[in-house]
Amino acid sequence: VIASNQFTQSEPEIIHVTKEKEGGSTDEDDAYKPNLYILSIGISDYKNPDYRLDVAHKDAETIIKVFNKQKGILFKDVKSRLLTNRDATRGEILDGLDWILKESTQRDMTIIFVAGHGIQDERKNYYFLPYDGETANLRSTGVKWFDFQETVTGLPSKVILMVDTCHSAGVTGKRRGVTDMTNVLRDLVGTESGVVIMTASTGKEESQERPEWGHGAFTKALIDGLDGNADFNKDRVIDIKELDLYVTNRVKDLTGGAQHPTTEIPKTMPNFPLVFQ
């Protein structure tokens, strides 16, 4: 609950409401299981070979595989749309965002995962570079970060945006390019939003990927954590705060302290589970 007027707003107050059965007892088994919707985007093989990465597409594929295991367990159903390489065109990405908006309800959870190149133009507008994108023509070929922002802030569900696009001196090479994304991602997190933002690194750090990991450092840590390594209290439940702690430490170890992931959780959002083992 947030009280507000035309001048300011209060700090949020979280109120927990529990549905009780007749006689006053509770039964969590009768609780409604939400659906999970996943839009997972990863581009390694760009139309322009100068932009090529190695494992961004594998990152996107594996995120879906990990959460598919929760179908019928934590979630009633897991519905996903995977866009990799030549399927991740500007048009298909925008269609995917529209799909999420149409399908996800207030009872559900939504995950949007993005791995590839992010670019800032001379007017400081941010873009995700799709398969058919060109850095010289971002306005007509790129996907504006505003489109992601408009989608996640418009969803009625609980939302997690996982972003693995971070700074490098240029787009070419095996690191995922973007100018400082810190401010643009902060715009997505407000007191009233239900959006959790997980990013691969801070400021202008480079987001690393290596063949021996099979993934980018950020996604490698996510996968390992969700597979059980993030269950610090051994209760068979991995929640968002446990995953945040594990990913932070794991990425730092993998990269020798060169990369520091961040997680932003709105004040109004209590801790919640992602995986039940």
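I looked up the contacts of Met198 (contact meaning heavy atoms within 4.5 Å) and, leaving aside residues up to four places away in sequence, I found Ile160, Leu161, Met162, Val163, Phe218, Leu222, Ile240, Leu243, Thr262 and Thr263. I note that this is a predicted model, in which local features need pLDDT of at least 70 and side-chain atom pairs count only at pLDDT 80 or more, while totals for chains, interfaces and linings use all residues. Residues are numbered from 1 along each chain as its sequence is written, and side-chain values use heavy atoms, with hydrogens and water left out.

I then turned to the largest nonpolar core, a core being a set of buried Ala, Val, Leu, Ile, Met, Phe, Trp, Tyr and Cys residues joined through side-chain atoms within 4.5 Å, where buried means under 20% relative accessible area with a 1.4 Å probe, protein chains only. This core has 39 residues, of which Ile160, Met198, Leu222 and Leu274 touch the most other members. At least two of its residues come from each of β1, α1 (56–68), β3, β7 (158–164), β8 (195–199), α6 (217–229), α7 (240–254) and β13 (273–276); helices (H or I, at least four residues) and strands (E, at least two) are DSSP runs, numbered from the N terminus. Apart from this core I found another, of 30 residues, including Ile41, Ile112, Ile119 and Leu129.

Next I examined α6 against α7, whose axes come within 9 Å and cross at roughly 135°, with axes being lines fitted to C-alpha atoms, for helices over the stretch in contact, and angles running from 0 to 180 degrees between N-to-C directions. The pair is therefore oblique, the class left after under 35 degrees (roughly parallel), over 145 (roughly antiparallel) and 65 to 115 (roughly perpendicular). Among the contacting residues I listed Phe218 and Leu222 of α6 and Leu243 and Tyr246 of α7.

For the sheet, I recorded six strands in an open arrangement with mixed pairing, in the order β2-β1-β3-β7-β8-β12, where two strands pair if DSSP finds at least two bridges between them. The edge strands, each pairing on one side only, are β2 (78–84) and β12 (262–264), and the twist averages 10° from one strand to the next. β1 (residues 36–42) pairs with β2 in the parallel sense over seven bridges, and Leu83 in β2 is the bridge partner of Ile41. Helix α2 (residues 90–103) packs on the sheet, touching β1, β2 and β3 (109–115), and its direction makes about 170° with that of β1.

Definitions and conventions:
Buried < 20%, exposed > 50% of the residue type's maximum accessible area, 1.4 Å probe, protein only.
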